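Subject: Structure handover

Hi there,

Here is the structure I promised to send over. Please open it first, and then read my notes alongside it.

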Amino acid sequence: MSCFTPNADEENPGRKGSKPMSFRDDDKVYLEVGVNEGASKDENPNVPYGAEETARNVVDCIQHGATAVHYHARYDDGRQAWADDEISRVIMATAARDVDALAYPGYRGSLEHIWALAERPPAGTGLLLAPFGPAQHVKRVLWLEDENQFGAIDSGRDNSNGSHPPYPPELDRFTKLGLVPSIAVFNAVDLRWVILAARIGILRQPLNIKLFFSDRWVSHNDPDPDVIDFLVSRIPEWIDREIVVVPYAMSSAERCQELWEHALDRGLGIRVGIGDCPLAFRTVTNAQMVERAVNLITKRGLNPAAQTDMRTRFAAVEVDESELVRVVVNRNRCMGWGVCYSHAPEIYQPDAEGYCVVVKPHVDAGLLQKAIEGAASCPERAIRVEV
């Protein structure tokens with residue numbers, strides 16, 4: 001086990017250099033709104049349908065203090081417009097006349113309408129956030145610890161292609177289009193995949209993680225403050241992230257309030273909205289929900305993060321990937337001596353048990369020599385640099 005103790009900067013590589021601080025480091029809170037989801041006007045008459053109503057809600061929420069807005073593109077009769085990117089284009093362009101329309105749509109299965117929005121942006125704005133639910137894409141994969149990567153399970157009996165991809169190809173498309181995945185984590189299984197994906201670099205940091213809790217949907221996390229603490233405790237400190245707690249399909253306004261209060265007290269962001277919990281909030285508007293959330297935030301001496309804060313925090317770094325090399329640690333060989341950390345803390349960090357984690361799995365020429373020195377220093381030869 002390692003007896004090496006890194007200094008404060010080395011414990012959290014996300015704070016080194018010019019990397020942006022987290023919102024809470026600047027006394028700010030990520031406040032998101034789920035304005036409509038699959039909720040109906042029977043559940044709450046203020047649930048927006050259609051492009052015009054939804055755009056008006058986006059404007060109202062941002063003007064009242066929301067950082068970002070999540071919406072479902074829906075037709076005027078309430079039907080979901082899952083594949084119709086024109087509905088989203090009208091929503092965002094209309095909202096952009098009055099505010100910085102930092103908003104993003106939902107999806108089911110296919111992300112084609114997200115790609116279309118990114119490639120042909122709405123007038124006056126552009127897409128930054130994009131929805132991504134691991135549960136919709138990560139199927140039948142293995143974790144190969146010796147190789148520090150995902151592997152596909154042969155599924156020729158079920159799939160005409162013979163196998164599932166080892167990781168969702170959508171992640172590469174996000175990167176190419178400059179989109180930040182808003183990662184929906186419904187349970188501990190989803191979170192395990194997210195942590196591993198961040199560890200090997202297929203999810204780019206900082207991560208935008210939404211933790212969903214529900215007292216009705218058994219596939220979601222149990223809505224208990226202790227569960228928030230457990231899930232957050234599983235996320236290694238070296239992962240640069242913003243975490244937002246989302247009460248969803250809840251039947252109790254009191255339990256929603258408990259989750260929001262606990263999240264704020266733990267340094268996390270929150271999501272509110274009548275689309276998320278129409279049964280718990282049957283008559284209020286989304287703007288009123290934002291006002292309540294802002295009150296909870298300001299009572300703690302904090303402020304909601306602005307749209308410019310969000311864009312700065314998640315700004316894409318220009319990288320020539322053709323010049324990157326890959327760094328891999330064989331965790332089954334690592335004994336936690338800690339020598340590699342002292343050579344290159346920007347690349348190597350200890351996990352909670354003192355074993356090596358490669359926090360920068362792809363390095364450029366500026367860090368190549370440090371990566372090699374750290375690998376060469378390992379007494380167990382557990383690290384390799386793939387030039």
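A polar contact of 3.4 Å links the side chain of Asn208 to that of Tyr30. Please keep in mind that this is a predicted model.

Asn208 belongs to strand β9, which covers residues 207-213. With a relative accessibility of 0%, Asn208 counts as buried, because buried means under 20%. Leaving aside residues up to four places away in sequence, Asn208 touches a set of residues that includes Leu129, Val180, Pro181, Ser182 and Ile183. Glu242, Met310 and Phe314 are also among the residues that Asn208 touches.

Next, have a look at strand β13, residues 325-329, where five of the five residues are buried. Both of its faces are covered: Val325, Val327 and Val329 lie on one side, with Arg326 and Val328 on the other.

β13 has pairing partners too. It runs antiparallel to strand β16 (residues 362-363), and two bridges join them; Arg326 has His362 as its bridge partner there. Strand β17 (residues 383-386) also pairs with β13 in the antiparallel sense, over four bridges, and here Val329 is matched with Ile383.

Finally, a spot on the surface: Met335, Trp337 and Val339 make a nonpolar patch of about 290 Å². Val339 is part of helix α12, residues 339-343, and is partly exposed, with a relative accessible area of 30%.

Happy to talk any of this through whenever suits you.

Best wishes

Terms used:
Residues numbered from 1 in each chain as written. Predicted model: local features only at pLDDT ≥ 70, side-chain atom pairs only at ≥ 80, totals over all residues. Heavy atoms only, no water. Buried < 20%, exposed > 50% of the residue type's maximum accessible area, 1.4 Å probe, protein only. Polar contact = N/O pair within 3.5 Å; in protein donor to acceptor, adjacent residues only side chain to side chain. Contact = heavy atoms within 4.5 Å. Patch = residues over 30% accessible without salt bridge, like charges linked within 9 Å, V, L, I, M, F, W, Y side chains within 5 Å. Areas by Shrake-Rupley, 256 points an atom, 1.4 Å probe, with all protein chains shown as cover. Salt bridge = Lys/Arg side-chain N within 4 Å of Asp/Glu carboxyl O. Pairing = 2+ DSSP bridges.
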